[in-house]
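I keep these notes as I go through the model. Each entry records what I looked up and what I found.

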Amino acid sequence: MIPALLSVILQIFIILALSPLLSGIIKKIKAFFQIRQGPSIFQPYYDIAKLLKKDSVISQNVSWIFHAAPIISFAAVMTAGLLIPIYITQLPLGFAGDLIAVVYLFALARFFTALASLDAGSSFGGMGGSREMFVAAMVEPALMLSIFAVALNVGSTNLSYISQTLSGMGLDALSPYQILAFVALFIIAIAETGRIPVDNPSTHLELTMIHEAMILEYSGKQLAIVELGAMVKQLLVYSLLANIFFPWGIASAESGIAALAIALVVYIIKIVIIGLTMAVVETSNAKWRLFRLPDLLSISLMFSFLALVSFIIVKGG
Amino acid sequence: MSVNYLFPGIIAFYLIGAASAVIFNKKDAICAYTSFTSAAIAALLGIIFSISVIFGDTFSFDLSTGSYLKFGFFIDRLSAFFILVISISVFAVSIYSIGFVREYFGKKNIGYLGFLYNIFIISMILVASADNAVMFLIVWELMSVVSYFLVVYEHEKPETRKAGFIYIVMTHIGTGFIMMSFLIFVGTSGSFSFGTFAEAGKTMTPLLKDLAFIFALIGFGTKAGIVPLHIWLPYAHPEAPSNVSALMSGVMIKIAIFMLIRVFFEFLGASQAWWGYVVLVLGTLSAILGILYAVVESDIKRMLAFSSIENIGIILIGIGASMIFFASGKTVLASIAAIAALYHLLNHSIFKGLLFMGAGSILYSTHTKNIEELGGLIKKMPKSAILILIGVLSIAALPPFSGFMSEWLTFQSLLLGFNLNESFPMIILSISAAILALTGALAAYCFLKFFGIGFLALPRSKHAEHAKEANTPMLIGMGIFATLSILLGILPFYVLPVLERIATSFTGNLDSFTFGNFATFSIPSGAISSEIISLSTPVILAIIVIFMLILSMILFLNNRKKQPVYETWGCGQPVSTSRNEYTATAFSKPVQVWFKNLYRPARETEATYSTSPFLKESFKFESNIEQVIEQYLYEPVVDFVLTRSRKLLIIRTGSIHTYLSYIFGVLVILFMYVIAGGSS
């Protein structure tokens, strides 16, 4: 049992500390598969530290939106972070929003990033913003159906409650509808975090970019915030996957300090495994053409729909 | 002062507004001030009046003369809620209008506009308060005709006249169906009074009930703009002056929703579950088709009109779900879904009003509705830009703004469908939720395009370059709505109890939302089997603001030097101009490709070459999309009617003798009918 304020600060600290590490680990795993040495897993920290020391070069065309967007997006993503269980199901601010609110907070972050992409008046920015919103729109129906499948199973959209109930169920939580919904959400996670085959995070060609094209005009401190925001979002999406579908090992309100430490370790292992899977998917696929993506995301839609239907069949609706 | 005097007072102030518009017809400025100020005062009285009815007693006022001619006013909580929605909108729009009509000074007749504007509002209030079918049809017709005159206010433009024509035809088809629906009730109850309709609804045969339902749905659905009856809306709303568009999209189409609730719940008792499914499916269809056409539209007012179809769809999803729950006896669920619908209705009237006023401001200062000619307005009209951005964030359902609150509630009420424990509703409600999610994402796409292309980067035309900030009354009008959009998002615990009083007046349940610490509210526990589902938008807002403050402190305290400013990166190309910017058409192109089966885009390119076939001299690109419903549903019908009526031309000889013989012939037939005892 830890006090609420401490718990909130701890959660913020863990999210901020772990997200660059996760990115570094994924990069390292990818390098391993590509038979490269690859940068150190701490490289993202160095990058951000360096960017934070640099000045931002600002386009002459921009308005206040360009300056405000990284701040609003980052704040929205961090707010979502306080609503998602990380290593403990007891969230002092968990009452403020549920899974749907988290989805819409991510949408708020995306909206401002995309808005800023149009502000500099470059065609690359517009291209990125347009594609980002396109992918987001394709993701949304499958995402909502998966949320429904999970929420119907548990009886609530409250994330703490979902994790707690499912981890209490033990292995029974591995029902067919949970597995189907996981596959659907995994594909969605690829799209949400901008990974191959949807988007290539390490591309250097403006015409093929989605997320990178949107933030092309950012530099220095602002870029640091944008990059960190993207890493935090990635960590949070993985945490959602981990704690909705594999919640075992998560600490509950009554756990002691030792149990919390174990829960944290278990959590890190879980997200590293998800990161590993992502790296495997990324290495073994090529980026898809933008207009083939509806196919990929309809697969996800089908899985989420099957999850829902199988729930109705199993529970004998 | 008693409530009983307020109602005539409201009508009187609108009449004063109308009269002063006529009296000061020749003096534009005085005319604008008197007629719109008087409408604003009336609206304030309307707000007080409707709140006192919602929390007090039903208001009724009988004007019957003799036993035959019965008419009067009947305002219960449901009517009062709609009068509240009308009055809030009218208050802000009237203030805005004082500034907006300056555009027309010296060009158009302001007295005419002011007169029609006030009469239009009176007609809407009377529609919401009529207690009798005959009186209702008269004021409904008044509303339709006056709004037609408002649509064709700028009648010198041919497209405006065409829009007006489509509007007046469609609205009369709708009125015809409403009349048929009412006649079914009158046939059973023997009276035109609405009070007897509910009794009639109980005793009618199932077939008559179904017919009354279908006719009412078509009749009021036409006014509401439900797909496939919506075709007039994207023509009429954009052509009207923007202050009128704000009222038409914000309020008038909601009046149809009010009557749908009245007829479905109160007259017909919402007894059939399949009615609910029909409404839900039509709502879902309207939501998705409305937003799909809005996304690819580049006329800003037409885009807003399509988005109104979408939002009516979202409201109907809530009402449909509520009807499904009500028919299976789950009144708690029914009232939650109804509250979601009413909440969205209130929110939509405000943010859509705001956006139409915003579009009006853009039109006022740039004289163009074409988004491809805008750009950079955030620097030219900074105050309007912030207000419009608030509207955009609300309509895109982003937390913590108002649209988020009502969409969240709609999702929750669809999710609550699992309490029915039947597979069919569960699947239908989930599919509807998935489509609603897609709609929400596309709405964000659409309004990102609107704000991003319209307001950011560099101006794309001379019009946008010379744009000026909107004048003070316009900013005040928009400011009221922007404030309300935020408040409705973060103060649900003030709004929900009010909506609950209204929703329970027709769903009749007693469980209520529970409100906890930190402005949390939870779904009534009677509605869900297990756990709490709670939300607190004020807390979300507070966390976001705290993070923003910390971040901006880190960013700006760290910033000692002046930030270097440089050109936008253009791949090494020379200085970027507005010609390098992404266009609105390109921005929404992915959606057009994705849904090419729906849009059936046709493109035409034309290039001329100089000397070598690799050097283009000029290039012309034209792209059009089809309005599927108009082309494949309406055009065949129109063609059919036109060809048949052309065949009937043979009886029109042009000779007066022939016509007289027709009249004689008809008279003879009628006499024979009467003599044969045909009529009883």
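Entry 1, a helix end. I looked at Gly190(B), just after α6(B), and found a positive phi of about 75°. I then checked α6(B) itself, which covers residues 158-189 of chain B. It has 32 residues and spans 46 Å from its first C-alpha to its last, close to the 46 Å expected at 1.5 Å a residue. I note here that the model is predicted.

Entry 2, other backbone values. I looked for a positive phi in a residue other than glycine and noted Ile35(A), with phi near 50°. Ile35(A) sits in the loop between α1 (4-33) and α2 (43-53) of chain A. I also looked up cis peptide bonds in chain B. The bond from Val227(B) to Pro228(B) is cis, with omega near 5°. Pro228(B) belongs to the loop between α8 (206-224) and α9 (233-239) of chain B. The bond from Pro399(B) to Pro400(B) is cis as well, with omega near 0°, and Pro400(B) is in the loop between α15 and α16 of chain B.

Entry 3, α15(B) against α17(B). I took α15 (residues 382-395) and α17 (residues 423-455) of chain B, whose axes come within 9 Å and cross at roughly 165°. Angles over 145 degrees count as roughly antiparallel, so I entered α15(B) and α17(B) as roughly antiparallel to each other. Their crossing is left-handed. On the α15(B) side I listed Ala385(B), Ile388(B), Leu389(B), Val392(B) and Ile395(B). On the α17(B) side I listed Ala443(B), Phe447(B), Phe450(B), Phe451(B) and Phe455(B). By class I have ten nonpolar, no polar and no charged residues in this contact. For the spacing of such lists I keep a reminder that an α-helix has 3.6 residues a turn, so residues three or four places apart point the same way.

Entry 4, α3(B) against α4(B). The axes of α3 (residues 77-100) and α4 (residues 110-129) of chain B come within 9 Å and cross at roughly 165°. α3(B) and α4(B) are therefore roughly antiparallel to each other. The crossing is right-handed. From α3(B) the contact takes Ser79(B), Phe82(B), Ile83(B), Ile86(B) and Val90(B). From α4(B) it takes Ile121(B), Met124(B), Ile125(B), Ala128(B) and Ser129(B). I sorted the residues of this contact into eight nonpolar, two polar and no charged.

Entry 5, a helix pair in chain A. The axes of α7 (residues 176-192) and α9 (residues 220-245) of chain A come within 10 Å and cross at roughly 175°. That makes α7(A) roughly antiparallel to α9(A). Gln178(A), Phe182(A), Leu185(A), Phe186(A), Ala189(A) and Glu192(A) of α7(A) meet Val237(A), Leu241(A) and Phe245(A) of α9(A). The classes are seven nonpolar, one polar and one charged.

Entry 6, the two chains. How many residues of chain B are in contact with chain A? I found 75, in contact with 71 residues of chain A. Elements of chain B that each supply at least two residues to this side include α16 (402-415), α21 (537-557) and α22 (584-594). The largest share, 18 residues, comes from α17(B). This side of chain B divides into 51 nonpolar, 18 polar and six charged residues. I also followed β1 (residues 58-59) of chain A, which is joined to β6(B) by two bridges and runs parallel to β6(B). Ser59(A) stands opposite Tyr566(B) there.

Methods
Residues are numbered from 1 along each chain as its sequence is written. Chains are lettered from A and ligands numbered from 1 in the order in which they are written. This is a predicted model: local features need pLDDT of at least 70, side-chain atom pairs count only at pLDDT 80 or more; totals for chains, interfaces and linings use all residues. Axes are lines fitted to C-alpha atoms, for helices over the stretch in contact, and angles run from 0 to 180 degrees between N-to-C directions. Angles under 35 degrees count as roughly parallel, over 145 as roughly antiparallel, 65 to 115 as roughly perpendicular and the rest as oblique. A crossing is left-handed if the near helix is turned anticlockwise from the far one by less than a right angle, and right-handed if clockwise. Two residues are in contact if their C-beta atoms, placed from the backbone, lie within 7 Å. Ala, Val, Leu, Ile, Met, Phe, Trp, Tyr, Cys and Pro count as nonpolar, Asp, Glu, Lys and Arg as charged, and the others, Gly among them, as polar. Two strands pair if DSSP finds at least two bridges between them. The expected span of a helix is 1.5 Å times one less than its number of residues.
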